[in-house]
Amino acid sequence: MEDCIFCKIINGEIPSNKIYESENFVAFLDIMPINPGHTLIVSKKHYENMDELPGELGEELLRVIKTVARAIVKAVNADGYNIGMNNGRAAGQLVMHAHIHIIPRFKEDGLKSWPQKRMDDSKLREIGKKIKKEIDKI
Ligand code: 5GP
Ligand code: ZN
């Protein structure tokens, strides 16, 4: 993809702080980290999002996530970490090249968790039914 910033980073046109590479993925530091050590794990091939990522890469991706997360936690002495992936603009995806965020967390980092809301049992059941029906179609 010609105009994709992550494709440019992967092929070396744009510099990055690369920390790891496997057959199909590259990990580099996010240029605007939420916390020190915030890293992006990016597919070498241009897939737009999770839906496009081939399932066969799942095992390798999980291995990369676990390796990189373990190293980040040790390197920055984190107390935990979040794994995140924004899929679609409505979900906050700004770079349309599939990537996973690994965000180290610290006890007193002041970051709040997502706002949750109570929902009626009947509404929960209704949504659950709809999702199960869609799963049966896949
Ligand atoms: P998204 O919102 O698409 O999930 O996240 C994109 C991330 O890419 C953002 O956290 C942003 O800081 C990071 N980013 C955008 N441009 C660059 C860049 O040129 N280099 C690096 N290392 N990170 C970038
Ligand atoms: Zn790309």
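Which atom of ligand 1 lies 2.9 Å from a backbone N or O atom of Val 95? Keep that question in mind while we walk through this predicted model; we will come back to the ligand after a look at the protein as a whole.

Let's begin with the overall layout. The protein contains three helices and five strands. If you start at the N terminus and follow the chain, you meet these elements in the order α-β-β-β-α-β-β-α. Along its principal axes, the C-alpha trace spans about 50 × 40 × 25 Å. The protein has 138 residues, and 28% of them count as buried.

Now find the pair of strands E1, residues 18-21, and E2, residues 25-29. These two run antiparallel and are joined by three bridges. To get from E1 to E2, the chain passes through a hairpin of three residues. You can pick out one facing pair here: Glu 21 stands opposite Val 26 in E2. While looking at strands, it helps to remember a general pattern: in a regular strand, side chains alternate between the two faces of the sheet.

Next, move on to strand E3, where you will find Ser 43. Is Ser 43 buried or exposed? Its relative accessible area is 2%, so Ser 43 is buried. A polar atom of the Ser 43 side chain also lies 2.8 Å from the backbone oxygen of Lys 45.

From here, follow the chain to His 46, which takes us to the zinc ion, ligand 2. Which residues hold the protein donors of this ion? They are Cys 4 and Cys 7, each through its SG atom, together with His 46 and His 97, each through ND1. These donors lie 2.0 to 2.3 Å from the zinc ion. The angles among the four donor atoms are 103 to 117 degrees, and the site is tetrahedral. Along the sequence, the donor residues follow the spacing C-x2-C-x38-H-x50-H. Cys 7 belongs to helix H1 (residues 5-10), while His 46 sits in the loop between strand E3 (39-43) and helix H2 (58-76), so this pair ties together parts that are 39 residues apart in sequence. The two residues also fall into separate accessibility classes: Cys 7 is buried, with a relative accessible area of 11%, whereas His 46 counts as partly exposed at 22%.

Now back to ligand 1 and our opening question. The atom that lies 2.9 Å from a backbone N or O atom of Val 95 is an oxygen atom of the ligand. Val 95 has company in this part of the structure. An oxygen atom of ligand 1 is 2.7 Å from a backbone N or O atom of Gly 92. For His 99, the side chain takes part: one of its N or O atoms is 2.7 Å from an oxygen atom of the ligand. How much of the ligand does the protein bury? Taken alone, ligand 1 exposes 520 Å², and the protein buries 84% of that. In total, 16 residues surround ligand 1, and the closest are Asp 30, Gly 92, Leu 94, His 99 and His 101.

To finish, travel along to helix H3, residues 121-137, and look for Gly 128. Gly 128 has a relative accessible area of 27%, so it is partly exposed. Its C-alpha atom is separated by 37 Å from that of Leu 29, and the two residues are 99 residues apart along the chain.

Conventions:
Residues are numbered from 1 along each chain as its sequence is written. Chains are lettered from A and ligands numbered from 1 in the order in which they are written. This is a predicted model: local features need pLDDT of at least 70, side-chain atom pairs count only at pLDDT 80 or more; totals for chains, interfaces and linings use all residues. Side-chain values use heavy atoms; hydrogens and water are left out. Donors are N, O and S atoms within 2.8 Å of the metal (3.2 Å for Na, K and Ca); water is not among the atoms, so sites may look incomplete. Four donors count as tetrahedral if all angles lie between 85 and 135 degrees; four count as square planar and six as octahedral if opposite donors are over 155 degrees apart and all others between 65 and 115; anything else is irregular. Helices (H or I, at least four residues) and strands (E, at least two) are DSSP runs, numbered from the N terminus. Buried means under 20% relative accessible area, exposed over 50%, partly exposed in between (1.4 Å probe, protein chains only). Two strands pair if DSSP finds at least two bridges between them. A residue is near a molecule or strand if one of its heavy atoms lies within 4 Å of it. A polar contact is a pair of N or O atoms within 3.5 Å; within protein, one must be able to donate a hydrogen and the other to accept it, and residues adjacent in sequence count only if both atoms are side-chain atoms. Accessible areas come from the Shrake-Rupley method with a 1.4 Å probe; for residues, only the protein chains shown count as cover.
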